[in-house]
Amino acid sequence: MFEGYQVLRNAPMRDYTTLKLGGPADYMALPANGEEVAGLLKEARERDIPVTVLGHGSNVLVLDGGIRGLLIRMGRGMNRAEAQGRRIFARAGTMMGTVAALAAEKGLTGLEFASGIPGTVGGGVLMNAGAYGGEMSQTVTEVSGVMPDGRMATLSREELAFGYRKSALQENGMIVTGVTFELAEGDPETIRETMGEMNRRRAESQPLDVPSAGSAFKRPEGAYAAALIDQCGLKGYAVGGARVSPKHAGFLINTGESAADFLELMNTVQRIVEERTGIRLEPEIRILGEA
Ligand SMILES: Cc1cc2nc3c(=O)[nH]c(=O)nc-3n(C[C@H](O)[C@H](O)[C@H](O)COP(=O)(O)OP(=O)(O)OC[C@H]3O[C@@H](n4cnc5c(N)ncnc54)[C@H](O)[C@@H]3O)c2cc1C
């Protein structure tokens with residue numbers, strides 16, 4: 001099955017996610033380009049095999065049973081970005097930090113916020129990732145990829161229908177293979193300073209040395225998830241090895257081996273915050289696989 005492609009059998013998801021949790025993916029393919037993505041998708045469809053996509057695994061909780069069928073994770077050839085004038089074209093597996101560094105080198109401003117987000121541009125555009133007042137929607141002009149029916153397509157910014165941590169990609173099933181950014185000219189020194197300052201703030205406030213998937217919940221309207229969780233006395237609260245970070249209550253961290261514990265922690269935090277504040281937190285972390 002999937003002959004001619006780079007494929008790993010029973011790939012343990014704890015090795016491919018920043019939470020370091022999750023059972024095996026039956027088949028994990030590492031396509032080198034968009035044609036390989038389309039070919040893999042076609043074969044999976046013909047055999048009625050479910051398909052899941054993974055970037056850097058920095059915003060997902062993979063459950064303990066792992067992922068059935070085919071997991072497509074952008075391979076080495078998908079990790080490349082180039083600048084042309086004020087535009088940057090990045091393949092989907094390129095880390096956002098790499099693209100932000102390229103922008104800085106070329107004196108292009110608009111991606112400073114992305115330098116500390118530990119994910120790929122594919123995952124970033126699907127999530128409309130953002131920080132410190134910036135988000136992907138501000139500079140992404142076009143996304144190309146493969147639709148569930150195998151057709152290659154390009155979507156404009158309008159078609160991507162960006163919202164807060166939201167895009168049409170969460171609904172339409174496109175596997176993103178490339179992202180085009182349009183940036184403004186800026187001063188390389190200032191761009192680097194801004195990035196440095198943002199990364200200092202991040203290191204000061206976030207538990208970057210322990211496995212997590214970033215903020216576990218979206219920011220509810222008119223409030224902050226971390227403040228609500230803290231207000232409910234949940235800082236440090238644990239279910240097994242899963243714990244509300246004592247450093248930043250918006251981050252749920254993993255010091256154990258059980259995705260079930262992590263999911264229970266997410267559910268418990270959500271329930272207690274709703275009971276005590278009336279606000280229902282919506283998870284930002286996406287849950288993949290089976291229990
Ligand atoms: C320490 C830490 C700090 C973080 N800080 C921030 C922050 O400041 N702001 C922020 O927004 N996020 C933050 N995050 C969360 C995360 O880094 C972002 O959401 C990031 O954009 C996810 O990218 P990824 O490649 O890891 O995606 P993954 O976690 O691998 O996947 C996320 C979703 O995108 C889908 N996906 C991935 N690649 C593709 C593709 N090529 N085509 C189609 N679908 C795809 C997956 O199926 C999944 O549903 C943080 C995470 C950590 C661990």
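Guide: A residue is near a molecule if its C-beta atom, placed from the backbone, lies within 6 Å of it. The model here is predicted.

Visitor: How many residues surround the ligand?

Guide: The cut-off is 6 Å from the C-beta atom. The closest residues are Gly-55, Gly-119, Gly-122, Gly-123 and Gly-214. In total, the number of residues that surround the ligand is 32.

Visitor: Which element gives the largest share of the shell around the ligand?

Guide: Several elements supply at least two residues each, among them strand E3 (51-54), strand E13 (175-182) and strand E15 (212-215). Helix H3 (121-127) and strand E9 (130-131) do so too. The largest share is 5 residues, and it comes from H3.

Visitor: How many residues of that shell are charged?

Guide: Gly counts as polar in this division. The shell has 16 nonpolar and 15 polar residues. The charged residues number 1.

Visitor: In what order do the 5 strands of the open sheet lie?

Guide: The pairing in this sheet is antiparallel. E11 pairs with E13 over 6 bridges, and E11 (residues 140-146) is joined to E12 by 5 bridges. The full order is E6-E7-E13-E11-E12.

Visitor: Which strands stand at the edges of the sheet?

Guide: The order is E6-E7-E13-E11-E12. An edge strand here has a single partner strand, so one side is left without a neighbour in the sheet. That describes strand E6 (81-84) and strand E12 (152-156).

Visitor: What is the average twist from one strand to the next?

Guide: The sheet is open and its pairing antiparallel. From one strand to the next, the twist averages 15°.

Visitor: Which residue of E13 is the bridge partner of Gly-145?

Guide: E11 and E13 are antiparallel, with 6 bridges. On the E12 side, Glu-142 has Ser-156 as its bridge partner. In E13, the partner of Gly-145 is Val-176.

Visitor: Which residue takes a positive phi in the hairpin of E11 and E12?

Guide: The hairpin has 5 residues between the strands. The phi in question is near 95°. The residue is Gly-150.

Visitor: What is the radius of gyration of the protein?

Guide: The protein has 8 helices and 19 strands. The globule rule gives 19 Å for 291 residues, and the protein comes close to that, so it is as compact as a globular protein of that length. Its radius of gyration is 19 Å.

Visitor: How far apart are the C-alpha centres of domain 2 and domain 3?

Guide: The domain assignment gives domain 1 (7-76), domain 2 (79-193) and domain 3 (207-288). The C-alpha centres of domain 2 and domain 3 are separated by 27 Å.

How values were computed: Residues are numbered from 1 along each chain as its sequence is written. This is a predicted model: local features need pLDDT of at least 70, side-chain atom pairs count only at pLDDT 80 or more; totals for chains, interfaces and linings use all residues. Helices (H or I, at least four residues) and strands (E, at least two) are DSSP runs, numbered from the N terminus. Domain bounds come from an automatic or database domain assignment. Two strands pair if DSSP finds at least two bridges between them. Axes are lines fitted to C-alpha atoms, for helices over the stretch in contact, and angles run from 0 to 180 degrees between N-to-C directions. The radius of gyration is taken over C-alpha atoms; the globule rule is 2.2 Å times the number of residues to the power 0.38.
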